[in-house]
Every structure is written in C-alpha cells, then in structure tokens.
Amino acid sequence: MPPSRNEDLFRRSREVIPGGVNSPVRAFKAVGGIPRFFRKGTGAWVWDAEDRRYLDYVGSWGPLVLGHAPPAVVAAVEAAARRGLSFGAPTEAELELATLLTRQLPAVEQVRLVSSGTEATMSAIRLARGYTRRDVIAKFEGCYHGHADALLVKAGSGALTLGQPSSAGVPAAVTAHTLVLDYNDIAGLERAFSERGAEIAAVIVEPVAGNMNLIPPRPGFLETLREQCTRHGALLIFDEVMTGFRVGAGCAQGRYGIVPDLTTLGKVIGGGLPVGAFGGRREIMALLAPEGPVYQAGTLSGNPVAVAAGLATLREVLRPGFFETLEAYARQLTEALAEQARRHGVPFSARAVGSMFGLYFRATPPDSYREVMECDTAAFKRFFHAMLERGVYLAPSAFEAGFVSSAHGPGEWAHTVAAAAEAFGELARP
Ligand SMILES: *Cc1c(COP(=O)(O)O)cnc(C)c1O
C-alpha cells in the first residue's frame with residue numbers, strides 16, 4: 001500500500017525537523033500512529049492533508065476559543081496587516097489591549113506584552129526575584145509553565161528536596177533554586193513555607209491545572225497559597241496562560257476570588273497568534289526596564305497583527321453570556337461521555353471547568369498528580385484512535401486538557417456522542 005499523504009508529509013518532515021514537529025506533543029508519541037497534517041479549519045472543524053474532516057477538541061491547545069478562522073478575527077488581522085506588519089515602536093492597539101486586560105483583571109494594574117506563554121512566565125519569575133531579592137521559587141509537580149530553564153524541573157526524591165532538571169541541557173545549578181511541591185496538597189504547602197518561607201521569592205501555579213489532564217484546585221488550596229505567600233513575603237504568580245479567558249471573563253482569579261501578585265497570560269489573548277503577557281501590581285511592575293532594574297524586552301512584543309487578533313477575540317469573548325454557553329456545552333459533553341462509558345462498563349470519569357474539560361480512564365476524577373498518573377493510558381490510546389477514526393480529534397495524550405469553542409453546537413455535540421458510543425463499545429470488547 002502506498003503511504004498516505006499524512007504519512008508522506010511526516011516522513012519528509014522528520015528529515016528536516018527534529019521528530020517532524022515544532023512542538024513535541026504534536027508527534028503523536030503518546031498515542032502512536034501518524035500525526036494529521038492540517039490543511040484548513042473552519043468553526044469547530046479541521047481538515048487534514050487527505051481532506052478528512054475532524055471535530056476539533058484541541059483548539060490549537062487553547063487559544064481558539066471562537067473556533068477556527070472566526071470572521072471577525074480574520075478581518076481584524078487582514079486590516080492590521082495592511083497597515084503594517086511590525087513597527088518596533090508603540091501602537092495604539094497595544095494600549096487598547098493593555099487597557100482591556102487591566103479592566104478585566106483588578107489584580108493587574110499594569111501589564112507588559114510578550115510573544116509567548118513561556119516568555120511571560122520566565123519574565124514574571126525574574127521580576128518576582130528582582131522585587132523580593134530572593135532566589136527560590138516554588139512550583140507544583142505536573143504544572144507546566146513553558147520551557148524556561150528554571151521551570152523545567154521535577155520533584156527530587158522525597159518531599160521538599162530541591163528539584164531536579166526534567167530536561168537535558170538544564171544545569172542543576174539553575175533548578176537548585178526551584179522547589180517542587182504537590183498540587184492540591186495543603187499540608188505540604190504549609191510545611192514548605194514553614195521550612196523555607198523566608199527564601200521563597202514566588203510560587204507559580206496553574207490555578208486550574210490543565211497540563212496534567214485537568215485538575216481543579218481543591219477547596220482551600222488556592223486560599224492557603226494566597227495566605228502563606230502573604231505571610232512570608234513571597235509573590236503569588238497565577239499562570240493563567242491556559243485558564244485566562246477560558247474559565248470565565250475574570251479568568252481563574254475571578255472565578256475563585258483570589259488576588260495574585262502577578263498574572264501570566266497567553267493563548268486566548270492572542271486569538272491564535274503569538275501573544276503573551278504578564279502583569280500585576282503597579283509597584284512590582286515598576287521594577288521593569290526602562291523604569292527599573294529588571295531587564296525584559298522583545299523585538300516583536302506587542303506585534304500589531306497579533307494584538308489585532310487578540311483584541312478581536314477578546315471583544316467576542318467578553319460579550320454577555322459567552323462563557324455560560326461554552327460551559328454548558330463542556331459540562332453536557334462530559335456527562336454524555338461518562339454515560340456512554342457507564343453503559344459499556346468502561347472505568348471512566350470526566351469533568352469540566354469553564355470551557356476546559358478532562359477525560360480520565362479511571363473510575364473517579366483525579367485530584368492530584370499521583371492520581372492522574374494512575375489513569376489507564378492504554379485505554380486512552382484505544383479511545384483516542386477510535387474517536388479519530390470517527391472524525392473526532394482529541395488531544396493526542398492522556399495528560400492534556402480538552403477545549404471547547406463557541407463554534408461547538410448541537411450538531412457537534414451529537415457527532416461526538418455518536419462517535420463516543422461506538423468508541424466505548426470498542427473498548428468494552430477485549
Ligand atoms: C501553554 C502554557 C504555557 C506556555 O505557553 P507557550 O505559548 O507555549 O510558550 C505556560 N503556562 C501554561 C499554564 C500553559 O498552558
């Protein structure tokens with residue numbers, strides 16, 4: 001049999017691009033098989049190189065809250081591009097986006113735009129260290145904050161040990177200042193602060209974890225984090241690169257009523273183009289260059305085309321009722337999938353927070369990194385391919401959250417449930 005077009009493209013890509021992809025998870029390593037090369041997308045649907053159609057629950061890993069190529073965003077991008085692709089000088093659109101972000105997030109009095117989530121978290125960490133004049137940062141195992149050196153760290157052996165690099169090429173000296181804690185472990189958090197509190201510059205957290213599948217914060221977890229940071233003079237960084245304008249118009253901080261010191265954003269605020277941001281209290285942000293001693297810069301920061309996409313996206317997202325509709329879809333989707341699994345006797349659970357959802361091949365939804373790791377990855381793999389064959393594109397890994405867009409409606413819901421009924425049926429057979 002001759003290779004399919006996806007196969008051929010993947011083979012040729014692997015010749016000139018490491019692993020054939022420009023970001024590792026796209027390579028389908030966790031599920032096996034050939035990644036689909038996408039040719040176009042409209043609304044909730046994408047078409048691959050062989051013109052096969054899929055209902056998309058990845059949404060470019062979060063940014064596409066309006067679905068693919070929403071007309072208002074495409075028009076804004078076209079208009080901005082005609083006016084000039086980049087100036088390397090301030091533009092009115094940046095002021096507009098910054099104003100909008102500070103209005104939506106009371107904790108963000110000032111904000112700086114960057115070009116990715118990685119840049120946002122890396123810069124926020126530097127700023128927190130500059131502000132507190134402390135070196136140690138704390139993060140939670142299973143939370144992902146981009147690929148900056150200090151954040152590519154996993155727990156060492158035993159609680160409260162300093163982190164070890166989770167990537168080759170990261171000096172142990174860099175992660176020696178990073179503490180790794182357990183998500184949703186309130187007692188562990190208090191212990192860490194009682195032992196190391198005076199050294200901690202900042203704690204960075206995904207307020208709803210979305211990079212170890214989906215794990216919402218346990219009641220009291222974020223509250224304790226806020227309280228401990230304040231008591232010990234550490235800054236609390238909410239990494240809302242994924243949750244920002246995904247779980248509500250006030251992001252996760254609005255949803256849970258917690259005021260972080262610094263916030264990082266990305267994904268949705270660029271509407272599919274590269275935009276990131278970090279912001280917070282004025283007195284902290286004042287330390288950034290050119291006002292203060294903490295250096296941070298970017299040739300394409302605040303790029304006019306990217307900012308136009310972000311602004312046009314946020315204008316749609318902030319219409320009244322937008323999140324209610326999205327959230328209802330996500331909730332009904334998880335309930336319907338759980339029902340199908342039950343019918344076929346497949347151990348499975350699911351849940352949604354805003355427009356993010358988690359599917360777990362485990363009888364009850366996990367609350368910790370350890371519990372997520374107990375999910376049946378072999379079952380997920382089979383489910384993933386069974387859904388893919390039926391034209392539903394889920395994230396190609398058991399440890400990623402799913403995303404719903406405003407383009408997902410009743411037709412999409414019915415398509416998904418029909419596919420899932422068959423897929424779970426397939427799983428139930430040995
Ligand atoms: C995606 C993500 C990042 C990294 O953003 P990039 O734009 O991929 O660099 C950081 N933090 C969180 C929570 C994310 O989900």
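**Reading pockets, a helix, odd backbone angles and a ligand site**

Colleague: The second largest pocket holds about 720 Å³ of space. How is a pocket told from a cavity?

Modeller: Roll a probe the size of a water molecule over the atoms, and you see where empty space is left. The grid is 1 Å, over protein atoms alone; in a cavity a 1.4 Å probe fits but cannot get out, while a pocket is an open set with protein on both sides within 12 Å along at least five of seven lines. Points join across faces, edges and corners, and the volume is the space filled by probe spheres set on them. This is a predicted model, numbered from 1 along each chain as its sequence is written, and side-chain values use heavy atoms, without hydrogens or water. Local features need pLDDT of at least 70 and side-chain atom pairs 80 or more, while totals for chains, interfaces and linings use all residues.

Colleague: How many residues line the second largest pocket, and which lie nearest its centre?

Modeller: Lining means having an atom within 4 Å of a point. Here 31 residues do so, and E94, V111, R112, L113 and S301 lie nearest the centre. Helix 3 (92–104) and strand 4 (110–114) each give two or more residues to this lining. Helices (H or I, at least four residues) and strands (E, at least two) are DSSP runs, numbered from the N terminus.

Colleague: How many cavities of 30 Å³ or more does the structure hold?

Modeller: There are 2. The largest has a volume of about 110 Å³. Its lining has 13 residues, with L359, F380, A395, E400 and G402 nearest the centre. Strand 14 (residues 356–360) supplies the largest share, 3 residues. The second largest cavity has about 50 Å³. Among the residues that line it are D56, H68, R246, F403 and H408.

Colleague: Now helix 4. What should its residues span?

Modeller: Multiply 1.5 Å by one less than the number of residues. Helix 4 has 16 residues (117–132), so it should span 22 Å; its end C-alpha atoms are 22 Å apart, which agrees.

Colleague: Which residues in helix 4 are buried?

Modeller: Buried means under 20% relative accessible area, exposed over 50%, partly exposed in between, with a 1.4 Å probe and protein chains only. In helix 4 the buried residues include G117, T118, E119, A120, T121, I125 and T132.

Colleague: What follows helix 4?

Modeller: R133 does, and its phi is positive. The value is about 55°, although R133 is not a glycine. R133 sits in the loop between helix 4 and strand 5 (136–140). It is exposed, with a relative accessible area of 77%.

Modeller: Turn next to C251. Its phi is also positive, about 60°, and C251 is not a glycine. C251 belongs to helix 8 (residues 251–256). Its relative accessible area is 1%, so C251 is buried.

Colleague: Is the peptide bond from A289 to P290 cis or trans?

Modeller: Cis, with omega near 10°. P290 is in the loop between helix 9 (282–285) and helix 10 (304–317).

Colleague: Last, which residues surround the ligand?

Modeller: A residue counts if one of its heavy atoms lies within 4 Å. Around the ligand are S116, G117, T118, Y144, H145, G146, E206, N211, D239, V241, M242 and K267. Three of them show N or O pairs with the ligand. In Y144, a polar backbone atom is 3.3 Å from a ligand nitrogen. In D239, a polar side-chain atom lies 2.6 Å from a ligand nitrogen. In K267, a side-chain N or O atom is 2.6 Å from a ligand oxygen.

Technical notes: Polar contact = N/O pair within 3.5 Å; in protein donor to acceptor, adjacent residues only side chain to side chain.
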